[in-house]
Amino acid sequence: MNNDMKWAALDEAMVASSRKTIKELFAEDPGRAEKFTVEAAGWMLDYSKNRIDKSVMKALVKMAEASDLKEEIEKMFTGAKINVTENRAVLHTALRNCDKDAKVLVDGKDVIPEVRKVLDAMGEFSDSVRKGQWKGYTGKKIKYIVNIGIGGSDLGPVMANIALTPYAKRNLKFYFVSNVDSTHLAEALREVKAQETLFIVASKTFTTQETMSNAEAARAWLIEKLGSKDAVAKHFVAVSTAADEVSAFGIDVKNMFGFWDWVGGRYSLPSAIGLSLMIAIGRKNYDKMLKGYWKMDKHFRTAKFEKNMPVILALLGILYSNGYGAESYCVLPYDQYLSRFPAYLQQMDMESNGKSVDRDGNEVEYATGPIEWGEPGTNGQHAFYQLIHQGTRLIPCDFIGCSKTHNPISDLHDKLMANFFAQTEALAFGKTADECRAEGVPEELVAFKTFEGNRPTNTLLTDQLTPETFGALVALYEHKVFVQGIIWNIYSFDQWGVQLGKVLAKGVLSDLVAEKPSMKHDSSTNQLIARYRKAIGR
């Protein structure tokens with residue numbers, strides 16, 4: 001089946017399916033929920049509240065098969081250089097491979113021993129900090145950890161540290177600095193004491209502008225507070241591979257934790273980038289998280305597409321993005337610990353699949369990379385759900401929740417989960433004008449209180465958010481994004497679109513600080529530079 005044929009088959013199935021609403025599909029089949037539910041790695045996915053029937057799902061699966069998805073999955077897991085534009089393998093799955101006999105080759109070399117060597121080094125270091133054995137320059141134990149990074153070196157650790165708060169060592173306080181806006185660093189430094197602070201600088205090359213600018217400012221602050229450059233080696237460690245740069249900064253290379261060019265930033269949480277998380281939750285819990293990733297990895301690699309959770313989520317996203325023209329999808333975690341999960345997914349999804357050129361270098365003629373957004377429930381219900389329920393845009397939603405809470409207080413969790421389940425019900429089935437009238441709604445208000453329904457949702461439910469189920473959840477979305485990239489025939493693991501602004505910023509910066517600016521930009525940029533220079537008296 002060629003590319004045109006796979007889309008045509010889906011169109012045909014959709015035309016037939018779209019004649020019926022979700023409400024009608026449930027009325028016809030009382031067993032629908034069970035038929036459209038799968039389980040994997042501690043998670044249940046109920047996708048029955050979607051605009052699908054068996055024929056639509058069959059057409060979607062055929063689309064995946066026609067895209068050689070099975071072969072592409074194997075290429076990723078076995079170290080093929082599927083990041084073609086950068087000539088790199090894509091092996092974040094090797095970071096969490098828990099098979100004791102695992103062997104993954106890149107350029108003929110097994111990478112697993114190095115992965116485990118770094119994990120062991122991280123474990124020893126995190127133990128020393130957690131047990132108070134790592135002492136600062138003045139002999140005091142570490143109490144504050146400040147992670148300095150940006151993008152994948154920040155979003156993952158921030159999100160995960162919040163998500164796994166119940167497992168964290170509470171007498172350690174964690175801060176995350178990413179923005180080159182000086183406010184971000186200044187506010188973190190106001191909360192810490194120099195003699196008790198450990199800085200983790202996360203930059204593969206140790207040249208990332210935002211990260212290194214913040215790191216150098218933090219270094220200067222520490223030296224000022226403690227009175228010696230020698231203090232740097234006791235208060236800074238690096239997540240990097242650039243030994244010379246790390247050493248020049250003042251960090252002992254023995255305290256440098258490496259990772260590899262086959263680990264993309266937005267997939268790097270299970271690498272040394274997760275050092276702050278390991279310090280927070282300890283090696284045992286970190287290992288449990290890796291096990292959760294691994295369980296979802298195994299499921300993704302081996303399950304038939306019809307029962308494959310990441311594949312199903314990906315195909316449903318294709319259905320709405322390309323079939324129904326949905327421009328975005330919403331992720332709604334009904335768990336406060338997952339409050340930063342939507343922001344984390346924004347990078348994973350939009351940086352991966354925000355592409356307009358296919359693998360052959362041709363402009364694509366269909367939508368790729370949807371806009372991802374969301375907030376925790378029930379906060380979102382009092383903010384933007386109105387648009388999802390009664391607005392003019394179709395916005396598919398993923399609802400994520402846990403049956404058990406870590407913090408049982410009164411009946412709050414029952415109320416949270418009641419809202420969770422009720423929202424998916426309301427979105428799917430709505431309320432008709434006749435139902436409004438039967439409830440006594442005045443005729444002049446019926447139109448305003450009618451809900452169309454037929455709004456698609458997925459429900460992801462686990463017993464409790466643990467390191468293991470958390471790891472599985474992250475892996476689930478990683479693989480979903482990968483599948484969609486394959487079907488769209490785009491490269492998901494480069495991000496050339498972030499480079500142009502960085503390059504231009506260097507030229508703008510030179511004009512901001514120069515005694516005599518060149519002003520060789522467009523009239524708008526020149527005007528902005530002039531306004532800035534005048535405001536600061538330069």
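This report describes a six-stranded sheet, the elements that surround its strands, and two further places in the chain. The structure is a predicted model.

**The sheet**

The sheet is open, its six strands follow the order S1-S2-S13-S12-S10-S11, and their pairing is mixed. Strand S1 (37-40) and strand S11 (371-373) stand at the edges with a single partner strand each, so one side of each has no neighbour in the sheet. From one strand to the next, the twist averages 15°. In general, the strands of a sheet pair through backbone hydrogen bonds, and they do so in either a parallel or an antiparallel sense. Three of the pairings are set out below.

| Strands | Sense | Bridges |
|---|---|---|
| S2 (residues 43-46) and S13 | antiparallel | four bridges |
| S12 and S13 | parallel | six bridges |
| S10 (residues 328-334) and S12 (residues 397-402) | parallel | five bridges |

Individual residues show how these strands are matched. Asp-46 stands opposite Thr-459 in S13, while Ile-400 has Leu-460 of S13 as its bridge partner. Val-331, in turn, has Asp-398 of S12 as its bridge partner.

Helix H16 (residues 412-429) packs on this sheet, where the helix touches S10, S12 and strand S13 (457-462), and the direction of H16 makes about 155° with that of S12.

**The enclosed strand S13**

Why is S13 described as largely enclosed by the rest of the structure? Six of the six residues of S13 are buried, and therefore the strand counts as largely enclosed. The burial applies to both faces, since Thr-457, Thr-459 and Leu-461 are buried on one side, and Asn-458, Leu-460 and Thr-462 are buried on the other.

**A pair of helices**

Elsewhere in the chain, helix H5 (residues 69-77) packs with helix H12 (residues 275-302) at an angle of about 145°, and the axes of the two helices are 9 Å apart. On the side of H5 the contact is made by Lys-70, Ile-73, Glu-74, Met-76 and Phe-77, and on the side of H12 by Asp-297, Phe-300, Arg-301 and Thr-302. Sorted by class, this contact of H5 with H12 has four nonpolar residues, four charged residues and one polar residue.

**Ser-524**

Ser-524 lies in helix H21, which spans residues 523-535. Is this residue buried, partly exposed or exposed? With a relative accessibility of 40%, Ser-524 counts as partly exposed, because that class lies between the limits of 20% and 50%. The C-alpha atom of Ser-524 is separated by 41 Å from that of Leu-338, and the two residues are 186 residues apart along the chain.

Methods. Residues are numbered from 1 along each chain as its sequence is written. This is a predicted model: local features need pLDDT of at least 70, side-chain atom pairs count only at pLDDT 80 or more; totals for chains, interfaces and linings use all residues. Side-chain values use heavy atoms; hydrogens and water are left out. Axes are lines fitted to C-alpha atoms, for helices over the stretch in contact, and angles run from 0 to 180 degrees between N-to-C directions. Contact means heavy atoms within 4.5 Å. Ala, Val, Leu, Ile, Met, Phe, Trp, Tyr, Cys and Pro count as nonpolar, Asp, Glu, Lys and Arg as charged, and the others, Gly among them, as polar. Two strands pair if DSSP finds at least two bridges between them. Buried means under 20% relative accessible area, exposed over 50%, partly exposed in between (1.4 Å probe, protein chains only).
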